[in-house]
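Please open the model in your viewer and keep the selection panel at hand. The tour below moves from one selection to the next and says what is there at each stop.

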Amino acid sequence: MADVVVESFAFPNYSGMLYVKGNTKTPLSSIIGGRRKYTDHVEFVTGQEYSVGGGSQPAISETASLTAPDATAVSREQKTNVTQIFHESVYISYAKQSNMGTLSGVNIANQVANPMNELDFQIAARMQKIANDIEYTFINGVYNKANSDATINKTRGLVAAITTNVKAMSSAPLRIWDLAVMMQTMAGNSADISDLCAWVDATTMLQLNADAAANGLTIVPADRAINGIALSSVITPLGRLNLYLGAYLPAGTALILNLNVLAPVEQPVPGKGNFFLEPLAKVGAGEKYQIFGQVGLDHGPEWYHGKFTGIKQTFDPADFVKKVYVQGGSVASSIDTTTPLSVTVDNSDDIGVVIGNDSAIAVNVANADDIGVVIGNTSENPVPTQEITPGP
C-alpha cells in the first residue's frame, strides 16, 4: 500500500477540543501489564500440563503388597504461544509542519490549531491504534506459527485458547447462576476459582445486573481496582466473582478469567527496546517514522478460564421478572390498583392462571400441588410483572 503523507490541504488544521471517536480503552492489557514477561524467541512457553491420576480408593491386600506393583509414569505436555509483529508508520511533509498557523473551519479571534504539533499527534494516534490492536488480539487472536519468513506469526487469544470450560447459552440471557455453575465446572477441572473475573460486554452486564436485582442479589460497583481498573463484584455460592465491562468481545460471548495467570510477553529488539519510534531514510522534503514492536499473550492453563457462547444479544427486562417458588399450601397476592385481586390455591394438581387487571377477579383452585400464576401488566398496573411459578 502506498504511503499516506500528511500534507497541508489533505489534513487541514482546526481549533477546538479533540475527541477521539471510537474505542480507547484497553482494560485487559492494563490489568495484566504489571506481569509482563520478556523473551528472545518468537515461541514461548505458557506452561506444561500433566495429570497424576488418583481420586480412587486402592484395594490392596497384605498378600498382594508383598509384590511391588508394575511401575507407572506421568507424561508432560508443553504448551506454547507466539509473539507477533505490530508495525505502523507516519509520514509528514516539511510544508505541513511549518503551516500549523493556517486554520480551516470556523475561525474565531485568538484561536490556535489543536494539536499544535502534527507529528506528535500522528505518533500518539498510531500508538493508540497499536494498543487497540493488542487488546483485540489478546481477546480474539487466532493462532498461527510461521514456518517461513513470508508467513505470519499470530498469537493465540483467550477466545480461541479456552476449550475445556465452555457453555453454549443457545440465545438465552446470562444470569448470575450461570456464572456460579461455570465456576463449579472450572473447580471440577482443577482450576483455582479464588480470584476470578467475568469479562462481559454491555448487554451481558445489563442482563447480570437485572438478574441480580430480581433475585435479591447485589453487584457491588468499583469494589476493587487492579492497575487502575475498577472491578465490580458479586457474591456467588462458590465465592466472590469480579465483573468488568470488557472491550472487543465477540457478540454473544463472555469470559471468566483468572487474571493471575495472564501476562503479555514482549520480544524486544536489542539496543532499541519494544514499540520504539525510529526515523526512516529521507527521500524528499518530509519525515517518515516507523513504530515497531512484538508481543504475545501468555494465557496460562486454558482450563483456568471459562467461556460462554451464544448469549442473547439484546436486553429485555421481561426476561428478569422476580420469581417466587411455591410448593403446595396457600398463595394470596394483591396489586395496588383500583381493582382488587385475590388468588387462593389449595392442594391442586398442575394449574396455570393468567390474570389481567381489566376487572375484579377472584380465583379459587382446589386440590393443587404445583401452581403457576402470572400477573400481567396493564395501564393500571405499571409495575414489573410478578410471576409465581411451580416449586422445584
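## Stop one: a salt-bridge network on helix H4

Begin with Lys 129, which is partly exposed, its relative accessible area being 29%. Keep in mind throughout that this is a predicted model. Add Asp 133 to the selection: this residue is partly exposed as well, with a relative accessible area of 27%, and it forms a salt bridge with Lys 129 in which the closest N and O atoms are 2.8 Å apart. Both residues lie in helix H4, four residues apart, or about one turn of the helix. Now widen the selection to include Glu 88 and Arg 126, since these two, together with Lys 129 and Asp 133, are linked in a network of salt bridges.

While helix H4 is on screen, select Gln 122, which has its place in this helix. Is Gln 122 buried or exposed? With a relative accessible area of 14%, Gln 122 is buried, and if neighbours within four places in sequence are left aside, its contacts are Val 6, Val 90 and Ile 92.

## Stop two: two more salt bridges

By the rule used here the structure has 14 salt bridges, and two further ones deserve a selection of their own.

Select Arg 36 and Glu 266, whose closest N and O atoms are 2.1 Å apart in a salt bridge. Arg 36 is found in the loop between H1 and strand S1 (37-38), while Glu 266 belongs to strand S11, so this pair ties together parts that are 230 residues apart in sequence. Displaying the surface should help to set the partners side by side: Arg 36 is partly exposed, at a relative accessible area of 37%, whereas Glu 266 is buried, at 10%.

Next, select Arg 224 and Asp 195, a salt bridge with its closest N and O atoms 2.6 Å apart. Here too distant parts of the chain are linked, Arg 224 being in strand S7 (residues 220-226) and Asp 195 in the loop between helix H6 (176-188) and S6, 29 residues apart. Arg 224 is partly exposed, with a relative accessible area of 26%.

## Stop three: aromatic rings

Turn now to the rings, of which the structure holds six aromatic pairs. Select Phe 86 and Phe 275, and ask why this pair is tilted. The ring centres are 6.4 Å apart and the planes stand at 45°, so the pair is tilted, given that planes under 30 degrees apart count as stacked and those over 60 as edge-to-face. Phe 86 lies in strand S4 and Phe 275 in the loop between strand S11 (263-266) and strand S12 (276-279), so the pair ties together parts that are 189 residues apart in sequence. Both of these phenylalanines are buried.

Then select Tyr 136 and Tyr 248, an edge-to-face pair with 5.8 Å from centre to centre and 80° between the planes. Tyr 136 sits in helix H4 and Tyr 248 in the loop between strand S9 (239-245) and S10, so the pair ties together parts that are 112 residues apart in sequence. Tyr 136 is partly exposed, with a relative accessible area of 43%, and Tyr 248 is partly exposed too, at 27%.

One more ring is worth a selection: Arg 156 lies over the face of Tyr 143, at 4.2 Å from the ring centre.

## Stop four: the nonpolar cores

Which residues touch the most other members of the largest nonpolar core? Among its 32 residues, these are Leu 28, Trp 199, Leu 255 and Leu 257. Elements that give two or more residues to this core include helix H1 (27-32), helix H4 (118-140), strand S6 (196-200) and strand S10 (254-257), and the largest share, six residues, comes from H4.

Centre the view on Trp 199 and show its surroundings: not counting residues up to four places away in sequence, Trp 199 touches, among others, Leu 28, Ile 139, Tyr 244, Leu 255 and Leu 257. Afterwards select Met 186, Ala 191, Val 200 and Leu 241, which are included in a second, separate core of 24 residues.

## Last stop: helix H6

Finish with H6, in which Ile 176, Asp 178, Leu 179, Ala 180, Met 182, Met 183 and Met 186 are buried. At 1.5 Å a residue, the 13 residues of H6 should span 18 Å, and the C-alpha atoms at its ends are 19 Å apart, which agrees. Beyond the helix, select Ser 190, which follows H6 and has a positive phi, near 70°.

Terms used. Residues numbered from 1 in each chain as written. Predicted model: local features only at pLDDT ≥ 70, side-chain atom pairs only at ≥ 80, totals over all residues. Heavy atoms only, no water. Core = buried A, V, L, I, M, F, W, Y, C linked by side-chain atoms within 4.5 Å. Buried < 20%, exposed > 50% of the residue type's maximum accessible area, 1.4 Å probe, protein only. Contact = heavy atoms within 4.5 Å. Phe/Tyr/Trp six-rings, centres within 6.5 Å; stacked < 30°, edge-to-face > 60°. Lys NZ or Arg CZ within 6 Å of the ring centre and 35° of its normal. Salt bridge = Lys/Arg side-chain N within 4 Å of Asp/Glu carboxyl O. Expected span 1.5 Å × (residues − 1).
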